[in-house]
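Hi,

Here's the structure you asked me to pass along. Have a look at it first, and my notes come right after.

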Amino acid sequence: MYANGVSTGSFQSPDASIWARPEPAARQPRFSRDQIAAAALAIADAEGFRAVSMRRVAARLGSGTMSLYRYISTKDDLMALMDDALMAQTLVPDGELPADWRTALAMIARRTRAVYLRHPWAARALPGEPGGGRETPIGPNGLRHAEQSLAAIDTAPFDTRGKLDLLAIVDDYVSGHVLRAAASQARPAVAAGDRLEQRFDLGLSALIDGAFRAWAYPGT
């Protein structure tokens, strides 16, 4: 399925989500959270997630490591920013979500898949992603992704529970496919990219159409 000012260097409890803490109150902060996330993603894309550190991100931004702590207090915060930046890439632009719920749901699933194929390290590295272990707090773009997913199936012929179940099923399918695709990059013989895409589209259509048939023709 992710700013208000405070005194420089002051934060709430370190256990609080970064999204519950405002950005520094400087009139013109040197860096935005988006810039910090973009720098971290660039490092991970080029060298792998293990290369991402506060020091490396600060260096890429042309800053000292301690200066970066004005904006984020822990590496968990950094991972939360990275996760939310990926969620931003999954969003369908305003006005482009199809009216048909099946087409809209498939579009979001394909966009999500495409994002994690562009950043294959994220499937296992980030705590909020498939295989990532710990959950990361949902950020503003994660929330937008969830809201867009709900909007996509607003006209689907299911009750609220059925809609949420369908979203979860499709999300599980996308997550599993992304993990499979990441494994195939390490082992090219597993499946060629175009074959994986064909299987993804076939399975996605079967899931969505099967859910509709189960509603329209229960017991068949």
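Below is what I found, going from the overall fold to single helices and then to a few residues.

First, the ground rules: this is a predicted model, so local features need pLDDT of at least 70 and side-chain atom pairs count only at pLDDT 80 or more, while totals for chains, interfaces and linings use all residues. Residues are numbered from 1 along each chain as its sequence is written, and side-chain values use heavy atoms, with hydrogens and water left out.

**Overall**

The protein has nine helices and zero strands. Helices here are DSSP runs of H or I with at least four residues, strands are runs of E with at least two, and numbering starts at the N terminus. Of the 220 residues, 41% are buried. Buried means under 20% relative accessible area, exposed means over 50%, and partly exposed is in between (1.4 Å probe, protein chains only).

**H1 and what packs on it**

Helix H1 covers residues 33-47. Its 15 residues should span 21 Å at 1.5 Å a residue, and the end C-alpha atoms are indeed 21 Å apart; the expected span is 1.5 Å times one less than the number of residues. Buried in H1 are Arg33, Ile36, Ala37, Ala39, Ala40, Leu41, Ile43 and Ala44. Their cover includes helix H2 (54-61), helix H3 (65-68) and H4. Just after H1 comes Gly48, with a positive phi of about 95 degrees.

How do H1 and H4 cross? Their axes come within 9 Å and cross at roughly 90 degrees, so the two helices are roughly perpendicular. For the geometry, axes are lines fitted to C-alpha atoms, for helices over the stretch in contact, and angles run from 0 to 180 degrees between N-to-C directions. Under 35 degrees counts as roughly parallel, over 145 as roughly antiparallel, 65 to 115 as roughly perpendicular, and the rest as oblique. On the H1 side, Arg33, Ile36, Ala37, Ala40, Leu41 and Ala44 meet Leu78, Leu81, Met82, Ala85, Leu86 and Gln89 of H4, where contact means heavy atoms within 4.5 Å. By class, that contact has ten nonpolar residues, one polar and one charged. The classes are: Ala, Val, Leu, Ile, Met, Phe, Trp, Tyr, Cys and Pro nonpolar; Asp, Glu, Lys and Arg charged; the others, Gly among them, polar.

H2 also packs on H1, at an angle of about 110 degrees with the axes 9 Å apart, which makes this pair roughly perpendicular as well. Here Gln35, Ile36, Ala39, Ala40, Ala42, Ile43 and Glu47 of H1 meet Arg56, Val57, Arg60 and Leu61 of H2. This contact has seven nonpolar, one polar and three charged residues.

**H4**

H4 is mostly covered, with twelve of its 16 residues buried. Among them are Asp77, Asp83 and Asp84. The cover comes from elements including H1, H2, helix H5 (101-118), helix H6 (122-125) and H7. On length, 22 Å is expected for H4 and its end C-alpha atoms are 23 Å apart, which agrees.

**H7**

Which residues of H7 are buried? They are Asn141, Gly142, His145, Gln148, Ser149 and Ala152. Seen down the axis of H7, they fall within an arc of 120 degrees, so they line one face of the helix; the arc is that of the directions from the helix axis to the C-beta atoms. As background, an α-helix has 3.6 residues a turn, so residues three or four places apart point the same way.

Gln148 has a relative accessible area of 14% and is buried. Leaving aside neighbours within four places in sequence, Gln148 contacts Thr90, Leu91, Val92, Leu97 and Ile108.

**Where H2 meets H3**

Met54 lies in H2 and, at 7% relative accessibility, counts as buried. Outside the four places on either side in sequence, Met54 is in contact with Thr65, Leu68, Tyr69, Ile72, Thr74 and Leu78. The C-alpha atoms of Met54 and Leu68 are separated by 7.4 Å, with their positions 14 residues apart along the chain.

Thr65 belongs to H3 and is partly exposed at 27%. Beyond its neighbours within four places, Thr65 touches Met54, Arg55 and Ala58.

Cheers
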